[in-house]
Amino acid sequence: MMPSDEPVLNYPDHRRHDIRPRMIAAEIYRGSSYGPKHPLSIPRVSLVVDMVHAMGWVDGENYLTGPVATPAQLARFHDPDYIAAVAQAERDQMLPDDMMVRYGLGKTAIRSIRKFSGVRRRRPDHRSWPPG
């Protein structure tokens, strides 16, 4: 069959033209620093958010700040004891050795929790969003 002989496929348009697209983001991620070897060390999200604003693609009506996950929402993906251990590490800036082993929060993770104060108040990432 020649390219000009190929049938034209007409797929239905399922887009909702009565609903404007929305962008959900949060400024809390702008200050994140994951370290030089982490895959998220390139500030992709903040650059895209800046570009989208500069292009005028979002405004006060369709740019939404993502909500902070509730403890119940976090517990859908993480054991409540793990959530409590992260909260304790953030509060005390350390954990007993047995808790670090139990929850896989080694000294590097504790340093990260210190560095990213407020880690529990961040919005959930792509693996745990949307809640519900």
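## Asp98 and its salt bridge

At 45% relative accessibility, Asp98 counts as partly exposed. Why partly? The relative accessible area of Asp98, 45%, falls in between the two cut-offs, because buried means under 20% and exposed means over 50%. All of this comes from a predicted model.

The side chain of Asp98 meets that of Arg102 in a salt bridge, 3.3 Å from N to O. Both residues sit in helix α4, which covers residues 97-103. They are 4 residues apart, or about one turn of the helix. An α-helix has 3.6 residues a turn, so residues three or four places apart point the same way.

## Overall layout

The protein has 5 helices and 2 strands. From start to end of the sequence, the pattern is β-α-β-α-α-α-α. The chain has 132 residues, and 24% of them are buried.

Contacts in the protein with a separation of 6 or more were also sorted by distance in sequence. Of these, 60% join residues 24 or more positions apart. The accessible surface of the protein is about 10,200 Å². Carbon and sulfur atoms hold 60% of that surface.

## The other salt bridges

The structure holds 3 salt bridges. One of them is the Asp98 and Arg102 pair described above. Another joins Asp18 to Arg16, with the closest N and O atoms 2.7 Å apart. Asp18 is exposed, at a relative accessible area of 60%. Arg16 is exposed too, at 51% relative accessibility. That value counts as exposed because the cut-off is over 50%.

Asp92 pairs with Arg91, and here the closest N and O atoms are 3.0 Å apart. Arg91 is exposed, with 60% relative accessibility. Asp92 is partly exposed, with 38%.

## Helix α3 and its ends

Helix α3 runs over residues 80-92 and has 13 residues. At 1.5 Å a residue it should span 18 Å, and its end C-alpha atoms are 18 Å apart, so the expected and modelled spans agree. The buried residues of α3 are Ile83, Ala85, Val86, Ala87, Ala89 and Glu90. Glu90 is thus listed as buried alongside Ile83 and Val86.

Asp79 caps the N-terminal end of α3. A side-chain oxygen of Asp79 lies 2.7 Å from the backbone nitrogen of Asp81. Gln93 follows α3. Gln93 lies in the loop between α3 and α4. At 28% relative accessibility, Gln93 is partly exposed. Its phi is positive, about 60°, although Gln93 is not a glycine. Most residues other than glycine have a negative phi.

## Strand β1 and its contacts

Met23 is in strand β1, residues 23-25. Is Met23 buried or exposed? Met23 is buried, because its relative accessibility is 18% and the cut-off for buried is under 20%.

Leaving out residues up to four places away in sequence, Met23 touches Val49, Val52, Val58, Asn62, Tyr63 and Leu64. Met23 and Val52 are 29 residues apart along the chain, and their C-alpha atoms are separated by 9.3 Å. For Met23 and Asp59, 36 residues apart along the chain, the C-alpha separation is 9.5 Å.

## The loop between α1 and β2

Several residues of interest lie in the loop between α1 and β2. Val58 is in this loop, as is Asp59. Val58 is buried, at a relative accessible area of 12%. Asp59 is partly exposed, at 33%.

Which residues does Val58 contact, leaving aside neighbours within four places in sequence? They are Met23, Val52, His53 and Tyr63. Val58 and Pro21 are 37 residues apart in sequence, with a C-alpha to C-alpha distance of 8.8 Å.

Met55 is also in this loop, which joins α1 (44-54) to β2 (63-65). Met55 helps form a nonpolar surface patch of about 420 Å². The other residues that make the patch are Val48, Met51 and Trp57. Among the loop residues, then, Met55 contributes to a surface patch, whereas Val58 is buried.

Notes: Residues are numbered from 1 along each chain as its sequence is written. This is a predicted model: local features need pLDDT of at least 70, side-chain atom pairs count only at pLDDT 80 or more; totals for chains, interfaces and linings use all residues. Side-chain values use heavy atoms; hydrogens and water are left out. Buried means under 20% relative accessible area, exposed over 50%, partly exposed in between (1.4 Å probe, protein chains only). Contact means heavy atoms within 4.5 Å. Accessible areas come from the Shrake-Rupley method with a 1.4 Å probe; for residues, only the protein chains shown count as cover. Patches are made of residues with over 30% relative accessible area and no salt bridge: like charges are joined within 9 Å, nonpolar side chains (Val, Leu, Ile, Met, Phe, Trp, Tyr) within 5 Å. A salt bridge is a side-chain nitrogen of Lys or Arg within 4 Å of a carboxyl oxygen of Asp or Glu. The expected span of a helix is 1.5 Å times one less than its number of residues. A polar contact is a pair of N or O atoms within 3.5 Å; within protein, one must be able to donate a hydrogen and the other to accept it, and residues adjacent in sequence count only if both atoms are side-chain atoms.
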